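Here's a quick tour for anyone who likes to poke at coordinates. Have the viewer open and follow along.

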Amino acid sequence: MADLTIATIAYNKPWAISEQIRLFNKHLVDNHVLYVFDNSSEVGASQSIERICGIQNVRYTRLITSKHYHHEALNVAAHTLTEHCTSPYIGFVDHDVFPTTSTNLINKINKTGFLTVGQRHTPTQKLYPWPGFFFMSKEWLAERKLNFDGIKGKLKRDDGDTGSMNHHLFSNETFDLMYPLSHGYENVRVSDTYGIQSYGIELIGDFIHLTNTSGWMSIPNPSERERLVQERIAAL
């Protein structure tokens, strides 16, 4: 039995899953397994991801959600990990989050029972765990339920991002006691007016988050950006 089961939500980028498997195997020292939940909208990409998982002996589930919504995929993964997984620790990562050096997660989780990057729902200022990097012990989760839906505001513009309904899991005070993670950004190309999703990547402790790998945000010359981030990951 693995001590830690990590769910990753795949979406249309086989190379990201291939590199994620490689880098978690290379750098994460905890006894862990990666479990791929494939939410891809492209049949060819999904077939490639399933083939990669088969070759690497990584557990794979093809998801058919209503419109390939990320929160629906996460809720399926959460139900699977909390109800059917025997690991005492579980976690969730975006498909473009990768460890960069030898690291552990369980020792860090044990400080408070969880490890994440905090985000806030602006209208209510409620603090919630970013679902792209969220790990916990089942003992800490106990009887509480994970819900990766977004907060519904009075107006559409006040709706919260994916996972903001998990704000009930911890308070500001308990979040402040969590194992401290360094956080910052790094350029992969010249800055532009589109923001980090176009020209940068996110640094989270011993991990990096490429951002916008699925192409949800339109940016200039996306093929150049993908080439640059792929080169960055291949060098790890």
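## An exposed spot on H5

Glutamate 139 is exposed, and its relative accessible area comes to 75%. You'll find this residue in helix H5. For a sense of distance, try arginine 225: the two residues are 86 apart along the chain, and 41 Å separates their C-alpha atoms. Bear in mind throughout that this is a predicted model.

Just along from there is alanine 142, in the loop between helix H5 (138–141) and helix H6 (172–176). Most residues other than glycine have a negative phi. Alanine 142 isn't a glycine, yet its phi is positive, at about 50°.

## The chain as a whole

Zooming out, the protein chain has 8 helices and 10 strands. Its radius of gyration is 17 Å, close to the 18 Å the globule rule gives for 236 residues, so the chain is as compact as a globular protein of that length. Lined up along the principal axes, the C-alpha atoms fill a box of roughly 45 × 45 × 35 Å.

How many of the 236 residues count as buried? The share is 50%. As for contacts, take those in the protein chain with a separation of 6 or more: 68% of them come from residues 24 or more positions apart.

## H1 against H8

Two packed helices are described by the angle between their axes and the distance between the axes. For helix H1 (residues 14–27) and helix H8 (residues 222–234), the axes come within 11 Å and cross at roughly 15°. With angles under 35 degrees counting as roughly parallel, that makes H1 roughly parallel to H8. The crossing of H1 past H8 is left-handed.

On the H1 side, the contact is made by Trp15, Glu19, Arg22 and Leu23, while H8 brings in Glu226, Val229, Gln230, Ile233 and Ala234. Sorted by class, the contact of H1 with H8 has 5 nonpolar, 1 polar and 3 charged residues.

## H1 against H2

H1 also packs with helix H2 (residues 43–56), at an angle of about 20° and with the axes 9 Å apart. H1 and H2 are therefore roughly parallel to each other. The crossing of H1 past H2 is right-handed.

Which residues make this contact? From H1 there are Pro14, Ile17, Ser18 and Ile21, and from H2 there are Ala45, Ser48, Ile49, Ile52, Cys53 and Gln56. In the contact of H1 with H2, the split is 7 nonpolar, 3 polar and no charged.

## Two buried loop residues

Asparagine 12 sits in the loop between strand E1 (4–10) and H1. Its relative accessibility is 11%, so asparagine 12 counts as buried. Its phi is near 70°, a positive value in a residue other than glycine.

Threonine 213 belongs to another loop, the one between strand E10 (207–209) and H8. Is threonine 213 buried or exposed? It's buried, with a relative accessible area of 8%. Neighbours within four places in sequence aside, threonine 213 is in contact with Lys13, Trp15, Ala16, His95, Asp96 and Glu226. Trp15 and Glu226 also turn up in the contact between H1 and H8.

## Leucine 4 and asparagine 31

Leucine 4 is in strand E1, and at 0% relative accessibility it counts as buried. Which residues is leucine 4 in contact with, leaving aside its neighbours within four places in sequence? The list runs to Leu28, Asp30, Asn31, His32, Val33, Ser87, Tyr89, Ile90, Gly91, Leu105 and Ile106. Lysine 152 lies 148 residues from leucine 4 in sequence and 32 Å from it in space, C-alpha to C-alpha.

One of those partners, asparagine 31, is found in the loop between H1 and strand E2 (32–38). Asparagine 31 is partly exposed, with a relative accessible area of 40%. Neighbours within four places in sequence aside, asparagine 31 is in contact with Met1, Ala2, Asp3 and Leu4. Asparagine 104 is 73 residues from asparagine 31 along the chain, and their C-alpha atoms are separated by 9.4 Å.

Definitions and conventions
Residues numbered from 1 in each chain as written. Predicted model: local features only at pLDDT ≥ 70, side-chain atom pairs only at ≥ 80, totals over all residues. Heavy atoms only, no water. Axes fitted to C-alpha atoms, helices over the stretch in contact; angles between N-to-C directions. Helix = DSSP H or I, 4+ residues; strand = E, 2+ residues; numbered from the N terminus. Parallel < 35°, antiparallel > 145°, perpendicular 65-115°, else oblique. Left-handed = near helix turned anticlockwise from the far one by under 90°. Contact = heavy atoms within 4.5 Å. Nonpolar A, V, L, I, M, F, W, Y, C, P; charged D, E, K, R; others polar. Rg over C-alpha atoms; globule rule 2.2 N^0.38 Å. Buried < 20%, exposed > 50% of the residue type's maximum accessible area, 1.4 Å probe, protein only.
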